Amino acid sequence: MLLARVPSSIIQCLFLLCLWNSSAVQAESQVATVAGVTPQTIFALYDVQINQVTLGGARFLKGANGALYVHESDFVSWRLRRPEAAELKYEGQTWLPLSGMLGVGYKINESKQTIQIEAAAQSFLPSSISTEQNAYLQPTVPNWGSFANYDLLGIGTNGVQQLNGVFNVNVFGPYGTLSSSYVGQNLWSKSQQARHLIRQETVWSRDWSEEMVNVQVGDTQGRGGLWGRPVYFGGV
């Protein structure tokens, strides 16, 4: 058998041709794989403004066809009407379409991660206010009782030792409240000075809740100005 001598240049060309065919087959398979991949649904978080009112961050879902979906809980909190378009179930949660919703438009700023939504009045759910009157509760008639407040002041200086005080006595019952205040001078003193109990004011007050009337009878002390003196007066 005779073997013909094949030039090395031809062998090299055949080798390169085989490499090119194999790489072309790999490239075709890779192109076929990429072309078969569908765009995935992605999540987005935007700071939301509806009719120029900032509502904070909310979750969004961008569909494969470019549609924008809002989570159901955010849709409810914004009080938007549920759209007639089909909802999207994704990972066990409900997403409602914002794209193509009647009376609603939006503009997304990706650099600031904000979305500005403009919604017409008919896009919101109506609000209702109950006009039912609450049952009137009769005020509780108080029982008889009383209490007192006091403020004592002890002085000890230059041989003067005494105890003074201010008192306020209150009595209340079904017919109103009686309040009276007093000033006690020299309640106790080392020099045995005379005691004085000075009444300042006494006021009886009663409320008629149903008529929204308050009546006060008594006397009190006015406030004098910078150059004046207090005046006692009484009346109803």
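Which residues make the nonpolar surface patch of about 510 Å²? I started my notes with this, keeping in mind that the model is predicted. I find that W144, V169, V171, Y175 and L178 make the patch.

**Entry 1: members of the patch**

I looked up V171 and found it in strand β9, which covers residues 160–173. Its relative accessibility is 35%, so V171 counts as partly exposed. I then checked two aromatic members of the patch, W144 and Y175, and both are exposed.

**Entry 2: aromatic pairs**

How many aromatic pairs does the structure hold? I noted 6 aromatic pairs. One of them is formed by Y46 and F60, and I recorded it as tilted, with 5.5 Å centre to centre and 55 degrees between the planes. This pair links distant parts of the chain, since Y46 sits in strand β1 (residues 42–50) and F60 in strand β2 (residues 53–62), 14 residues apart. I asked myself whether Y46 and F60 are buried or exposed. Y46 is buried, and F60 is buried as well.

Next I went back to the patch, where W144 and Y175 form a tilted aromatic pair, 6.3 Å centre to centre with 45 degrees between the planes. W144 is in the loop between β7 (114–119) and β8 (145–157), while Y175 is in the loop between β9 and β10, so the pair ties together parts that are 31 residues apart in sequence. I also wrote down a cluster in which ring pairs link F43, Y90 and W95.

**Entry 3: salt bridges**

I reminded myself that side chains of opposite charge can pair when their charged atoms come close. My count for this structure is 5 salt bridges.

I looked at E72 and R82, whose side chains meet in a salt bridge of 2.9 Å, N to O. E72 lies in helix α2 (residues 72–77) and R82 in the loop between α2 and β4 (88–90), so the pair ties together parts that are 10 residues apart in sequence. E72 has a relative accessible area of 26%, which makes it partly exposed. R82 is also partly exposed, at 46%.

I then found a salt bridge between E87 and K89, with the closest N and O atoms 3.7 Å apart. Why does K89 count as exposed? Its relative accessibility is 56%, and the cut-off for exposed is over 50%. E87 has a relative accessible area of 37% and is therefore partly exposed. I noted that E72, R82, E87 and K89 are linked in a network of salt bridges.

Another salt bridge joins the side chains of D219 and R199, at 2.9 Å, N to O. D219 is in strand β12 and R199 in strand β11 (residues 196–208), so this pair ties together parts that are 20 residues apart in sequence. R199 counts as partly exposed because its relative accessibility is 38%.

**Entry 4: S205 and Q216**

I stayed with strand β11 and looked up S205, which has its place there. Which side chain does S205 join in a polar contact of 3.3 Å? I found the side chain of N214. Leaving aside neighbours within four places in sequence, I listed G176, T177, N214, V215 and Q216 as the residues in contact with S205.

From that list I picked Q216, which lies in strand β12 (residues 213–221). At 44% relative accessibility, Q216 counts as partly exposed. Residues up to four places away in sequence not counted, Q216 touches V203, W204, S205, G235 and V236. I also compared the position of Q216 with that of L178, a member of the patch: they are 38 residues apart in sequence and 9.7 Å apart in space, C-alpha to C-alpha.

**Entry 5: N186**

My last look was at N186, in strand β10 (residues 176–189). Is N186 buried or exposed? With 10% relative accessibility, N186 counts as buried. I found that the side chain of N186 makes a polar contact of 2.7 Å with the side chain of Q162. Apart from residues up to four places away in sequence, N186 touches Q162, L163, N164, Q193, A194 and R195.

Methods. Residues are numbered from 1 along each chain as its sequence is written. This is a predicted model: local features need pLDDT of at least 70, side-chain atom pairs count only at pLDDT 80 or more; totals for chains, interfaces and linings use all residues. Side-chain values use heavy atoms; hydrogens and water are left out. Patches are made of residues with over 30% relative accessible area and no salt bridge: like charges are joined within 9 Å, nonpolar side chains (Val, Leu, Ile, Met, Phe, Trp, Tyr) within 5 Å. Accessible areas come from the Shrake-Rupley method with a 1.4 Å probe; for residues, only the protein chains shown count as cover. A salt bridge is a side-chain nitrogen of Lys or Arg within 4 Å of a carboxyl oxygen of Asp or Glu. Helices (H or I, at least four residues) and strands (E, at least two) are DSSP runs, numbered from the N terminus. Buried means under 20% relative accessible area, exposed over 50%, partly exposed in between (1.4 Å probe, protein chains only). Contact means heavy atoms within 4.5 Å. A polar contact is a pair of N or O atoms within 3.5 Å; within protein, one must be able to donate a hydrogen and the other to accept it, and residues adjacent in sequence count only if both atoms are side-chain atoms. Rings of Phe, Tyr and Trp (its six-membered ring) pair if their centres lie within 6.5 Å; planes under 30 degrees apart count as stacked, over 60 as edge-to-face and the rest as tilted.
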